[in-house]
Amino acid sequence: MILDEILDETKRTVGYCRLRLPLPDLAKQAAASPAPRSLGKALRSAAGMACIAEFKRRSPSKGFIQRDADVAVVLPVYQAAGATAASVLTDTPFFGGSLDDLRRARAVSQLPLLRKDFIIDPYQVAEARAAGADAVLLIVAALHDQDLRELIAEVHRWGMEALVETHDQGEVERAVAVGARIVGVNHRDLRTFEMNMDLAVDMRPLIPADRLVVAESGIRNADDVRRLRAAGIDAILVGETLMAAPDPATALRELLGT
């Protein structure tokens, strides 16, 4: 399965990075970073549907969307068009991103930044903070409950927040049980890449009202957004629709109805 392949590659990459830059040295860089912005507060304060606009060049299922996309060009466009926050893919082998994209995003944008990657080790949390991330993605399908709890605690130790991503009812229940405050529901199954555009709507009643819920993947138009909003979804995470659009600013405004 592609998820297993990605996780194996991630483990190798983290091992290499630890040798190149030991954790104590990385932690010093992370501690010197400016204080993180609150993703949760930003999502809650949005006037309508909050949007985490994503920068990514490619995906395993679709291949390249924009091979030469420049985060320093895209992020200001997202911000000006009304994005509430931004997500930056930092996985290199499968998504064509890097931590340098995250650093460059931080330099050009005031939005809260989410490091989107396959986070399996506290080292990667420190990496995210050192590169300017305000939040990180944690994927329930990739983690045992104890690892998930420990990573959430590590995220909070650095003053950041976690978007805890789920793909089915069992994962939603696990995310809620470990105390996730921001729960993502991904319409795309990471193991099969099949889409279920009803999933976030169906899962919303299982998530306590005091948690933020973010619908991810496959969101194409304003009708999709209205349906999600009516079901009590707090935010959307949109990447491919914006990255593939000839005019991302117009695409984002049309999604949000602004």
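The following legends describe close-up views of a predicted model.

**View 1. The barrel is closed by 8 strands with parallel pairing.** Taken around the barrel, the strands follow the order 1-4-5-6-7-8-9-10. From one strand to the next, the twist averages 25°.

**View 2. Strand 1 and strand 4 run parallel and are joined by 4 bridges.** Strand 1 covers residues 50–55, while strand 4 covers residues 85–89, and these two strands stand next to each other in the order given for the barrel. One pair of bridge partners that can be picked out in this view is Glu54 with Ser87, the latter belonging to strand 4.

**View 3. The largest pocket has a volume of about 320 Å³.** Its lining is made up of 18 residues, and those that lie nearest the centre of the pocket are Thr13, Cys17, Thr90, Thr92 and Arg115. Two or more lining residues are given by each of two elements, namely helix 1 (2–20) and helix 6 (122–130). The largest share of this lining, 8 residues, is that of helix 1. When the lining of the largest pocket is sorted by class, it holds 6 nonpolar, 6 polar and 6 charged residues.

**View 4. The second largest pocket holds about 180 Å³ of space.** This pocket is lined by 16 residues, of which Gly48, Met49, Leu256, Gly257 and Thr258 are the closest to its centre. At least two residues of the lining come from each of strand 1, helix 10 (222–230) and helix 12 (248–256), so named elements of both kinds, helix and strand, take part in lining the second largest pocket. Helix 10 gives the most to this lining, with 4 residues. By class, the lining of the second largest pocket divides into 9 nonpolar, 5 polar and 2 charged residues.

**View 5. Helix 4 and helix 5 cross at roughly 45°.** Two packed helices are described by the angle between their axes together with the distance between the axes. Here, the axes of helix 4 (residues 71–80) and helix 5 (residues 99–108) come within 9 Å. Angles from 65 to 115 degrees count as roughly perpendicular and those under 35 as roughly parallel, and helix 4 and helix 5, which cross at roughly 45°, are therefore oblique to each other. The crossing of helix 4 and helix 5 is right-handed.

Key
Residues numbered from 1 in each chain as written. Predicted model: local features only at pLDDT ≥ 70, side-chain atom pairs only at ≥ 80, totals over all residues. Heavy atoms only, no water. Pairing = 2+ DSSP bridges. Axes fitted to C-alpha atoms, helices over the stretch in contact; angles between N-to-C directions. 1 Å grid on protein atoms, 1.4 Å probe; cavity = no way out; pocket = protein on both sides within 12 Å on 5 of 7 lines; lining within 4 Å. Points joined across faces, edges and corners; volume = space filled by probe spheres on them. Nonpolar A, V, L, I, M, F, W, Y, C, P; charged D, E, K, R; others polar. Parallel < 35°, antiparallel > 145°, perpendicular 65-115°, else oblique. Left-handed = near helix turned anticlockwise from the far one by under 90°.
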